[in-house]
Amino acid sequence: MQTVSVLGSTGSIGTSALDVISRFPDRFRVSALSANSNVDLLSRQVKRFRPKAVCVVDAAAARRFRKISLPKIKLYEGEEGLCGMAADLKVDTLLVGIVGSSALMPILKAMANIKRLALANKEALVMAGDIIMKDARRKAVKILPVDSEHNAVFQCVESGRSAPKKIYLTGSGGPFLATPKKSFKYISPEKAVKHPRWKMGKKISVDSATMMNKGLEVIEAHHLFGLDVGNIEVLIHPETVVHSMVEFVDGSILAHMGTCDMRTPIQYALTYPSRVSSSVKGVTFSKSEALHFYSPDFKKFPCLRIAYEAARRGETYPCVLNAANEVAVGQFLKGRIKFTDIAKVIEKVLARHRGIKGAGLRDVLGVDAWARLKTKELLGVVSD
Ligand SMILES: NC(=O)c1ccc[n+]([C@@H]2O[C@H](COP(=O)([O-])OP(=O)(O)OC[C@H]3O[C@@H](n4cnc5c(N)ncnc54)[C@H](OP(=O)(O)O)[C@@H]3O)[C@@H](O)[C@H]2O)c1
């Protein structure tokens, strides 16, 4: 029996993870769950999975949650509570489906108590990849990527039994692949969150629309697989059958294929190194006409170019990229800035930053806070 804590259990990744877990009652026991504010769903999850502990981050939601009558559980509250819960509970696997940089501290706090980190969250790695990877090595924590492309690469690397020479990260191209660039300034939040292939949370959906998501994934892959950014190529693959590919020193290329269902990578991360049967449907190759792969248009999608540049510069530039992007996407979702303003403001904030070599956690947190303030200042944000 494997004990699992799911942070961000009420989100797209979290609910898919609990769906996988519910299919294997003899294999997994849920130890802890967390949400930001969706206490209605969280309370249903608590009744169903009976964890020992839960955390509600938002203060008003935590007050509401206290009034709901639930089986005996320990309740943690706020960001500090989330870190406290991560630090208190010993579990086999911590699955992190929290969105954004809020995942960083709970991940680091949990590291001494876990054997495996099933990581869906990408922002923490972009912000502080060196710190997370070093800490995981020191504490012998196995990191199992849940992000579909990285899970695909992980499976190819495991099967190839050799270090990768090059990684091809594939992406559908998002909802605006065929939209003329001149219409980009009119893109509404409602349109941007409608991804053609994947059902995801709002923030990652906007990142997919700007293609910042692929840029964040390049940095994520760099940390997870130890490859130079120059050996990580993004390919647009509208059919989304191949989830990524790995080239080895002998020129062999292994590809991972499947349907667009996050339960596949989540299940593999949870059952690794075993493969067990799944409820997810397979690909029907007889119905696919052709598979296409081509290079992205960096002019049309400047966020991808900016992310590559930040990745090449390294130091604390990716941390600035992530923080500025989180603020800008938040403002776009509130209807306060245009879709095209996202890339513009990120580039401006990066231009004002002086990178820090070998940054420690304190540096990273300082840079993150600075970049958020600078982005808000440039966008004229007066209140959140
Ligand atoms: N969705 C996908 O298919 C997918 C694929 C690959 C990678 N990822 C990555 O996985 C992460 C989660 O994505 P998602 O699509 O599942 O997001 P989502 O649907 O928005 O869910 C986010 C989860 O995090 C919680 N949360 C939000 N703000 C928080 C905060 N400040 N502190 C603690 N918890 C907070 C949410 O709680 P409430 O529900 O209460 O707001 C929810 O449980 C992201 O980093 C994303 O890039 C997602």
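Which residues of α12 are buried? They are P302, C303, L304, I306, A307, Y308, A310 and A311. Buried means 20 or more other C-beta atoms within 10 Å of a residue's own; exposed means 12 or fewer, partly exposed lies in between, and C-beta atoms are placed from the backbone.

This is a predicted model: local features need pLDDT of at least 70, side-chain atom pairs count only at pLDDT 80 or more, and totals for chains, interfaces and linings use all residues. Residues are numbered from 1 along each chain as its sequence is written.

**Overall form**

The protein has 15 helices and 11 strands. Both are DSSP runs numbered from the N terminus: helices are H or I with at least four residues, strands are E with at least two. Of the 384 residues, 47% count as buried. The C-alpha trace spans about 55 × 55 × 40 Å along its principal axes.

**Helix α12**

Helix α12 covers residues 302–313. Its 12 residues should span 16 Å at 1.5 Å a residue, and its end C-alpha atoms are 17 Å apart, which agrees. The expected span is 1.5 Å times one less than the number of residues. The buried residues of α12 pack against α9 (202–210), α10 (212–225), β9 (232–236), α13 (317–333) and α14 (339–351). Contact here means C-beta atoms, placed from the backbone, within 7 Å.

**The sheet**

An open sheet of 7 strands runs in the order β4-β3-β2-β1-β5-β6-β7, with parallel pairing. Its edge strands are β4 (74–77) and β7 (142–145), each pairing on one side only. Two strands pair if DSSP finds at least two bridges between them. Strand β3 (residues 53–56) pairs with β4 over 4 bridges. One partnership links V54 to L75 in β4. Helix α1 (residues 12–22) lies across β1 (2–7), β2 (28–35) and β5 (91–96), at about 160° to β1. Axes are lines fitted to C-alpha atoms, for helices over the stretch in contact, and angles run from 0 to 180 degrees between N-to-C directions.

**Backbone details**

Three residues with positive phi are tabulated here.

| Residue | Phi | Place |
|---|---|---|
| A140 | about 55° | loop between α6 (123–138) and β7 |
| G314 | about 65° | just after α12 |
| E315 | about 50° | loop between α12 and α13 |

A140 is not a glycine, and neither is E315. A140 is exposed, with 8 other C-beta atoms within 10 Å. E315 has 18 C-beta neighbours inside 10 Å and therefore counts as partly exposed. A cis peptide bond joins Y272 and P273, with omega about 5°. P273 sits in the loop between α11 (263–271) and α12.

Methods:
Two residues are in contact if their C-beta atoms, placed from the backbone, lie within 7 Å.
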